[in-house]
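User: Got a minute? I'd like to go through this structure with you.
Analyst: Sure. Have a look, then ask away.

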Amino acid sequence: MTVRPIRYYGDPVLRTPAEQITVVDDRIRSLVTDLLDTTSLDGRAGVAAPQIGVGLAAFSYNIDGETGYVLNPVLESTWGELEEIDEGCLSVPGLWNKTPRYEHARVTGIDLDGEPVVLEGAGLMAQMLQHETDHLKGVVYIDTLAAEHRKAAMREIRGSEWFAPATAASASTAGRTTASAFGRPTR
């Protein structure tokens, strides 16, 4: 089992749009294994490849005991009410905010065999789909907050123990995270 370290906010890989996967080879198969292993820890709903330092379009998920991954995911549609939901991020540990998310979401992509994958859901699944596809666009959830909430979040980030923009690439939360990616405490 390979649980990869999570990159913290401030690491440039989190702000760079992920590249599409054009060839599925052993490197990509290994990436998927690492994503699944990294997401398997308690309280983790999803992990995008940039969060483990890989600038490729892929994420894994673990929602209500259902695990999986998607390569080259595209957020095809969202629908329902736009609600403010408590949300956090493994890359921004200890910080939770009311984040605007749609009630339902649908993502399409491919698996390791190039076969189509469709993930659709409501609640936590919809939130995860929106959150992880944002990561692949170089967007961290605090970017989606209203201006006054974003300013407060940035003050908290700058004052946090883990934030070091110049050395963020070497920071890791593996094995130290005490809350889930979406603000639910780990058990």
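User: What is the bridge partner of valine 47 in strand 2?
Analyst: Serine 60 is the bridge partner of valine 47. Bear in mind that this is a predicted model.

User: How do strand 1 and strand 2 pair, parallel or antiparallel?
Analyst: Antiparallel. Strand 1 covers residues 46-48, and 3 bridges link it with strand 2.

User: And which way do strand 2 and strand 3 pair?
Analyst: They are antiparallel too, over 6 bridges. Strand 3 takes in residues 66-89. One bridge joins asparagine 62 to threonine 67 in strand 3.

User: What do strand 2 and strand 3 form?
Analyst: A hairpin, with 2 residues between the strands. Aspartate 64 sits in the turn and has a positive phi of about 50°.

User: Is strand 2 mostly covered or mostly open?
Analyst: Mostly covered. Strand 2 runs over residues 58-63, and 5 of its 6 residues are buried.

User: New topic: helix 3. Which of its residues are buried?
Analyst: Ala153, Met154 and Ile157. Looking down the axis of helix 3, the buried residues fall within an arc of 100°, so they line one face.

User: Why would residues a few places apart point the same way?
Analyst: An α-helix has 3.6 residues a turn, so residues three or four places apart do that.

User: What covers the buried residues of helix 3?
Analyst: The cover includes strand 4, residues 92-110.

User: Which exposed residues are on the face turned away from the buried side?
Analyst: On helix 3, that face carries Glu148, Lys151 and Arg155.

User: How far apart are the end C-alpha atoms of helix 3?
Analyst: They are 16 Å apart. That agrees with the expected span, because 12 residues at 1.5 Å a residue should span 16 Å.

Definitions and conventions: Residues numbered from 1 in each chain as written. Predicted model: local features only at pLDDT ≥ 70, side-chain atom pairs only at ≥ 80, totals over all residues. Heavy atoms only, no water. Helix = DSSP H or I, 4+ residues; strand = E, 2+ residues; numbered from the N terminus. Expected span 1.5 Å × (residues − 1). Buried < 20%, exposed > 50% of the residue type's maximum accessible area, 1.4 Å probe, protein only. Arc of directions from axis to C-beta. Contact = heavy atoms within 4.5 Å. Pairing = 2+ DSSP bridges.
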